[in-house]
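Visitor: I'd like to learn how to read a structure like this one. Could you take me through it, feature by feature?

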Amino acid sequence: MKFLLSLSVVLISVQAFSATSQNKSIELLKDPSGKQMAVAEKDIVPLERLENMFTMDAHYPGLMAMLKRNVFKHRQKAVPILIKVMKEGKYPEQNRWHATMLLAQVMGVKSAPFIAKFAEHPHWMMRLASLKALLGLRQNEYQAVYSRALKDSSLIVRLQALDNISQMKIESLAPNVWQMMYDQSNYSGALGKRKRTSIVRSIIRTVGDVKFKKASRPLAKLIQKQKYQDLIDDLDYSLEKITGKVSPNTVDARRKFWSEVAMDSGKKKI
């Protein structure tokens, strides 16, 4: 009698655990609109296991490979979990980054509108992940997103915005990029004694990649100044991109060459 009673208690406990587990998983498996997705019973435990992987220490050896392998195993069924990880702060930030990248890989361009929203996330890493994922998806239409990111409080986010604009050749944002040369957040030190930060090099090159013609004369003047000689290769790169001309190899010859080009462009108003 005691054996039968104990067996009944065990069976009831297992059934209760199964029901709780299933309800939890179904709650997770919703798309961004809140619509529930059909999930086979055999997928419930593996999907719960996948979610638990995202709670692990981001530095755990092989975690990224394990996450990728399991996400691609479930593909669309993993999407709600990826969204949950992206949205909730209880997961390690690096794992939320991975979730963003994996969502872009699984859903493709359909994920872009959702991912773009994270460009305004409070944490810089999620803003960075949003821009990086949009670049991977080659989404050049999110110009307002990239324009805002050029003024982001995080230097690394501003650098990523430049990379997006540069790689996707978004010429309409050329004036915004050029304006960064005058943005004090891209310089360090007290006012009047400010120094260029590393981002200025990227700004100059991006101006060339988007062929901002109005910058040719100012760049040609900068290349003449001694204090900009550490940027001579970057200035030369952009001038060649903008003008379509090829400069000589030596520093002195370059200075003279671009000085003459600047004079000619002033006359022709190119």
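Visitor: Let's start with the surface: what does the accessible surface of the protein chain come to?

Guide: Keep in mind that this is a predicted model. Its protein chain has an accessible surface of about 15,100 Å², and carbon and sulfur atoms own 56% of that.

Visitor: And what share of the residues counts as buried?

Guide: Buried means under 20% relative accessible area. Here 43% of the 270 residues meet that mark.

Visitor: How many helices and strands does the chain have?

Guide: There are 14 helices and two strands. To see how the chain folds back on itself, look at contacts between residues at least 6 apart in sequence: 58% of them join residues at least 24 apart.

Visitor: Now charges. How do I read a salt bridge, and how many are there?

Guide: You look for a side-chain nitrogen of Lys or Arg within 4 Å of a carboxyl oxygen of Asp or Glu. That rule gives eleven salt bridges in this model. Take aspartate 230 and arginine 196, whose side chains pair up at 3.1 Å, N to O. Aspartate 230 sits in the loop between helix 12 (216-222) and helix 13, while arginine 196 belongs to strand 2 (residues 195-196), so this bridge ties together parts 34 residues apart in sequence.

Visitor: Are those two partners buried or partly exposed?

Guide: Aspartate 230 counts as partly exposed at 44% relative accessibility. Arginine 196 is partly exposed as well, at 29%.

Visitor: Which residue does arginine 205 bridge to?

Guide: Aspartate 234, with the closest N and O atoms 2.6 Å apart. Arginine 205 is in helix 11 (residues 199-209) and aspartate 234 in helix 13, so the pair ties together parts 29 residues apart in sequence. Check the burial of each end, too: arginine 205 is partly exposed at 30% relative accessibility, whereas aspartate 234 is buried at 3%.

Visitor: What about aspartate 236: which residue is its salt-bridge partner?

Guide: That's arginine 254, and the closest N and O atoms are 3.6 Å apart. Aspartate 236 lies in helix 13 and arginine 254 in helix 14 (residues 251-268), so the bridge ties together parts 18 residues apart in sequence. Aspartate 236 is buried at 5% relative accessibility, and arginine 254 is buried at 13%.

Visitor: Which residues are linked in a network of salt bridges?

Guide: Lys84, Glu88 and Lys90 are joined that way.

Visitor: Back to helix 13. Is serine 238 buried or exposed?

Guide: Serine 238, a residue of helix 13 (residues 232-243), is buried, with a relative accessible area of 0%. To see what it packs against, skip residues up to four places away in sequence: serine 238 then touches Ile204, Arg205, Val207, Gly208 and Leu219. You've already met Arg205 as the bridge partner of aspartate 234.

Visitor: What forms the positive surface patch?

Guide: For a patch, you want like charges that are accessible and not in a salt bridge. In this model Arg138, Lys169, Lys211, Lys213 and Lys241 form a positive one. Lysine 169 is in the loop between helix 9 (155-167) and helix 10 (174-179), and its relative accessible area of 42% makes it partly exposed. Arginine 138 belongs to the loop between helix 7 (124-136) and helix 8 (143-149), and at 44% relative accessibility it counts as partly exposed.

Visitor: What is phi of arginine 138 near?

Guide: Near 55°, a positive value in a residue other than glycine. Arginine 75 is another residue to look at: its phi is near 50°, also positive in a residue other than glycine. Arginine 75 is in the loop between helix 3 (63-74) and helix 4 (79-87), and it is partly exposed with a relative accessible area of 38%.

Visitor: One last thing, sequence distance against space. How far apart are arginine 49 and asparagine 70?

Guide: They are 21 residues apart in sequence and 9.4 Å apart in space, C-alpha to C-alpha. Arginine 49 is in helix 2 (residues 41-53) and partly exposed at 47% relative accessibility. Asparagine 70 is in helix 3 and buried at 17%. Leaving out neighbours within four places in sequence, asparagine 70 contacts Leu50 and Met53.

Definitions and conventions: Residues are numbered from 1 along each chain as its sequence is written. This is a predicted model: local features need pLDDT of at least 70, side-chain atom pairs count only at pLDDT 80 or more; totals for chains, interfaces and linings use all residues. Side-chain values use heavy atoms; hydrogens and water are left out. Patches are made of residues with over 30% relative accessible area and no salt bridge: like charges are joined within 9 Å, nonpolar side chains (Val, Leu, Ile, Met, Phe, Trp, Tyr) within 5 Å. Accessible areas come from the Shrake-Rupley method with a 1.4 Å probe; for residues, only the protein chains shown count as cover. Lys and Arg count as positive and Asp and Glu as negative; His and the chain ends are not counted. The place of a charge is taken as NZ of Lys, CZ of Arg, CG of Asp or CD of Glu. Helices (H or I, at least four residues) and strands (E, at least two) are DSSP runs, numbered from the N terminus. Buried means under 20% relative accessible area, exposed over 50%, partly exposed in between (1.4 Å probe, protein chains only). Contact means heavy atoms within 4.5 Å.
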